Amino acid sequence: MKTETLAIHAGNLVKSNTGDVTQPLSLSTTFFRDENGGYPGGHMYSRVSNPNRSTLEHLLATLDKGADCCAFSSGNAAGMAVFQALKPGSHIIAPDDMYWGFKKQLQTIFKESLDIDFVDLTNVEQISSFIKPNTVMIWVETPSNPLLKITDLKALGTLAKQHKLILACDSTFASPMLQHPITLGADIVMHSTTKYIGGHSDVLGGALITAKQDELWARIRNIQQIGGAVPSPFDCFLLVRSIKTLPYRMRGHCSNGMALAQYLDQHPQIEAVYYPGLPSHPQHEIAKEQMSDFGGMMSVLIKGGFEEAKQVVNKVKLFAQATSLGGIESLIEHRASVEGPDTKTPGNLLRISVGLEHVDDLIADFNQALSEL
């Protein structure tokens, strides 16, 4: 089946005698045992599993071409489960342009148990020089947050296999619609399902998809079930419902994103546009090869500095000044002020999540905001 069909039908795992076309919400926290102590319905306790979560996990594994999926209560919880599953003393190579929440995890929560190097992963040739005897994982984020760097997943997958390393990919900016890291050599794919997968800014979640059910995956599944950072049945229900429209929503995000990027790229008040769909992007050719389209995320540098960037973010009317991304509504954020004093994000950078409003209205909104600089 094609992606659009899978998005609708792979989540319809209905086990009911009432004739439901879509899976109903199952709120029970516990499930009947039979006379022999077994669980005829396949579920024991909702922290371990429940019908709605099992459906979501099956759907995401199918869409991302993986062997299994673990759903979590947030994207941060999903990424943390990977880091928790590594043995103390393990060395991780991570991107220098990394979602600040994960970088904070590595620099604070795991600073005494894991050895971390932050490296420019767009330069695959230099990565070998950072590999140590205790290196176990390369964590990559492509497209990256907030600079929209693109890493060559196929080349990185080859390097990881040569050195017997785990390759984990945060694919949140792409969603399962725009790239499939597992087919390019990744062992684990991570998504913040809060973003494009949820798509409506009303549900928090995360997910990991694995290429194979190995020892590391068993540890991750154990962390999910015993640690208990799992999404509620209602969260899972909402995510499955949202995924049914994900292929079509992503087409709108990509179309609007390209149009806005092209407009901003020509605007005299814009210093630079970071969007992989533009031929001027340094990794545009790699993006063309490993992505089916370029998404709705971009960052721009406003000419001037911090004050000019803040002026623009306060002047736009359709773009909501708020954190997060991937919703149907357009969002804009001054990232440096969110990330704190130790950020390396430029002070004149604005991160933009292009929504599904009419693109002419979005362009007009930016035009009026930039005209006042």
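**Cavities, sheets and cores of the predicted model**

The largest cavity is lined by P95, D96, D97, D120, L121, T122, E141, S144, K149 and T151, and its volume is about 50 Å³. The structure described here is a predicted model, and a search of the whole of it returns 3 cavities of 30 Å³ or more. Rolling a probe the size of a water molecule over the atoms shows where empty space is left.

Two cis peptide bonds occur in the loop between strand 4 and helix 6 (153–162), where both P143 and P146 are placed. The bond from T142 to P143 is cis with omega near -10 degrees, and the bond from N145 to P146 is likewise cis, with omega near 10 degrees.

One open sheet is formed by 7 strands in the order 1-7-6-5-4-2-3, with mixed pairing. Strand 1 (68–72) and strand 3 (115–119) occupy its edges, and because each has a single partner strand, one side of each is left without a neighbour in the sheet. From one strand to the next the twist averages 20 degrees. Within this sheet, strand 2 (residues 91–95) and strand 4 (residues 135–141) pair in the parallel sense over 3 bridges, with I93 standing opposite I138 in strand 4. Helix 3 (residues 75–85) packs on the sheet and touches strand 1, strand 2, strand 4, strand 6 (188–191) and strand 7, its direction making about 40 degrees with that of strand 7.

At the edge formed by strand 1, the partner is strand 7, to which strand 1 is joined in the antiparallel sense by 5 bridges; C69 stands opposite I209 in strand 7. Although strand 1 stands at an edge of the sheet, 5 of its 5 residues are buried, so this strand is largely enclosed by the rest of the structure. In a regular strand the side chains alternate between the two faces of the sheet. In strand 1 both faces are covered, with D68, C70 and F72 buried on one side and C69 and A71 buried on the other. Helix 2 (residues 51–63) lies across strand 1 and strand 7 (206–210), and runs at about 125 degrees to strand 1.

Several residues elsewhere in the chain add local detail. L239, in helix 9 (residues 233–243), counts as buried because its relative accessibility is 2%, and, apart from residues up to four places away in sequence, L239 touches L56, T193, I197, G198 and V203. The C-alpha atoms of L239 and L204 are separated by 9.3 Å, while the two residues are 35 residues apart along the chain. S175, which belongs to helix 7 (residues 175–178), has a relative accessibility of 0% and therefore counts as buried. Beyond its neighbours within four places in sequence, S175 is in contact with H191, Y196 and M250. The phi angle of S175 is near 65 degrees, a positive value in a residue other than glycine. A positive phi, near 55 degrees, is also found at S201, again a residue other than glycine. S201 is placed in the loop between strand 6 and strand 7 and is partly exposed, with a relative accessible area of 47%.

A further open sheet contains 5 strands in the order 8-9-12-11-10, and its pairing is mixed. Its edges are strand 8 (270–274) and strand 10 (320–321), each of which has a single partner strand, so that one side of each is left without a neighbour in the sheet. Strand 10 and strand 11 (residues 331–334) pair in the parallel sense over 2 bridges, and A320 stands opposite L331 in strand 11. Helix 10 (residues 246–265) packs on this sheet, touching strand 8, strand 9 (297–302) and strand 12 (349–353), and its direction makes about 15 degrees with that of strand 9.

In soluble globular proteins, nonpolar side chains tend to be buried together. In the present model the largest nonpolar core has 61 residues, and those with the most contacts inside it are L260, L264, I352 and F366. With its neighbours within four places in sequence left aside, I352 is in contact with L260, L264, G296, M297, M298, V300, F319, L331, I332 and F366. A second, separate core of 27 residues includes A77, F83, L86 and W217.

Note on methods: Residues numbered from 1 in each chain as written. Predicted model: local features only at pLDDT ≥ 70, side-chain atom pairs only at ≥ 80, totals over all residues. Heavy atoms only, no water. Pairing = 2+ DSSP bridges. Helix = DSSP H or I, 4+ residues; strand = E, 2+ residues; numbered from the N terminus. Axes fitted to C-alpha atoms, helices over the stretch in contact; angles between N-to-C directions. Contact = heavy atoms within 4.5 Å. Core = buried A, V, L, I, M, F, W, Y, C linked by side-chain atoms within 4.5 Å. Buried < 20%, exposed > 50% of the residue type's maximum accessible area, 1.4 Å probe, protein only. 1 Å grid on protein atoms, 1.4 Å probe; cavity = no way out; pocket = protein on both sides within 12 Å on 5 of 7 lines; lining within 4 Å. Points joined across faces, edges and corners; volume = space filled by probe spheres on them.
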